[in-house]
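Reader: I am new to this structure. Could you walk me through the pocket and the ligand?

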Amino acid sequence: MPDTRRGLLIILSSPSGAGKSTLAQRLTAWDPTLAFSVSATTRPPRPGETDGRDYRFVDDAAFKAMVSDGEMLEHAHVFGNFYGSPRGPVEQAIGAGKDVLFDIDWQGAQQIRNSALAAHTLSIFLLPPSIHELRRRLESRAKDAPETIAGRMQKSWDEISHWDGYDYVLVNEDLHDTEDRLTSIITAARLRRVQQPGLNAHVRRLQQEFEEST
Ligand code: ADP
Ligand code: 5GP
């Protein structure tokens, strides 16, 4: 059977600090063919973040121009900044049969689920084991100012309240365990009928062989 495959849009959402970026990095190490959708944002870079790898850091005018030119697959205003997923690299990757990983909030996930790409979307929400642990993780990341951390904690319930719109929900307690569950989910979603356009031709061939043999 020809190994034709359609790319999957894999969406990871969670309240800030629950572990999306960490797990996204582990997933791209698990399968280097997985393309990470590098979002554009108007937020300033954190220490250690690289432009073009973690985000495309742009100003407000550049972001608005991308939106009005139809270059964004989805976009949202989160924690006082604009964030969006550029459409071009995603369409290119999935057209070539590559899966694309998104680290985006519930608004972006909802926009993609309501788009023409809905059938090829796998959405996963990560919950923290507790609110205390969420705060500990945000503080231990030590990359945001205390007032930024307080703002993110304040908004965490808003994000958590959208947990039930996702295909899968995982409590990210033990990192290895969550990674294992994520790789199982992705492996299964890749085998969905809709992700395997080559099946039609294969079944037609089986039918032909069947009719010839009877
Ligand atoms: P997000 O991208 O969702 O904002 P991060 O991936 O940056 O979150 O994780 C926040 C912090 O929590 C990081 O310091 C990360 O190393 C840590 N972390 C992530 N998952 C776990 C886990 N399962 N157990 C303990 N610490 C974790
Ligand atoms: P951070 O500033 O911590 O990197 O991200 C803040 C929030 O914005 C996270 O919930 C993250 O998932 C979300 N986010 C990052 N990129 C995008 C994007 O392109 N679109 C949307 N809708 N949300 C994004």
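Reader: By class, how many nonpolar, polar and charged residues does the lining of the largest pocket have?

Author: Welcome! This is a predicted model in which local features need pLDDT of at least 70 and side-chain atom pairs pLDDT 80 or more, while totals for chains, interfaces and linings use all residues. Residues are numbered from 1 along each chain as written, chains are lettered from A and ligands numbered from 1 in written order, and side-chain values use heavy atoms, without hydrogens and water. A pocket is an open set of points on a 1 Å grid over the protein atoms alone where a 1.4 Å probe fits, with protein on both sides within 12 Å along at least five of seven lines, and lining residues have an atom within 4 Å of a point. Counting Ala, Val, Leu, Ile, Met, Phe, Trp, Tyr, Cys and Pro as nonpolar, Asp, Glu, Lys and Arg as charged and the others, Gly among them, as polar, the lining has 13 nonpolar, 17 polar and 18 charged residues.

Reader: Which element gives the most to the lining of the largest pocket?

Author: Helices (H or I, at least four residues) and strands (E, at least two) are DSSP runs, numbered from the N terminus. Elements supplying at least two lining residues include β5, β6 and α6 (146-160). The one that gives the most, with 6 residues, is α1.

Reader: How far is a polar side-chain atom of Asp103 from an oxygen atom of ligand 2?

Author: Asp103 is among the lining residues closest to the centre of the largest pocket, and ligand 2 takes up the space of that pocket. The separation between the two atoms is 2.7 Å.

Technical notes. A polar contact is a pair of N or O atoms within 3.5 Å; within protein, one must be able to donate a hydrogen and the other to accept it, and residues adjacent in sequence count only if both atoms are side-chain atoms. A molecule sits in a cavity or pocket if more than half of its atoms lie within 2 Å of its grid points.
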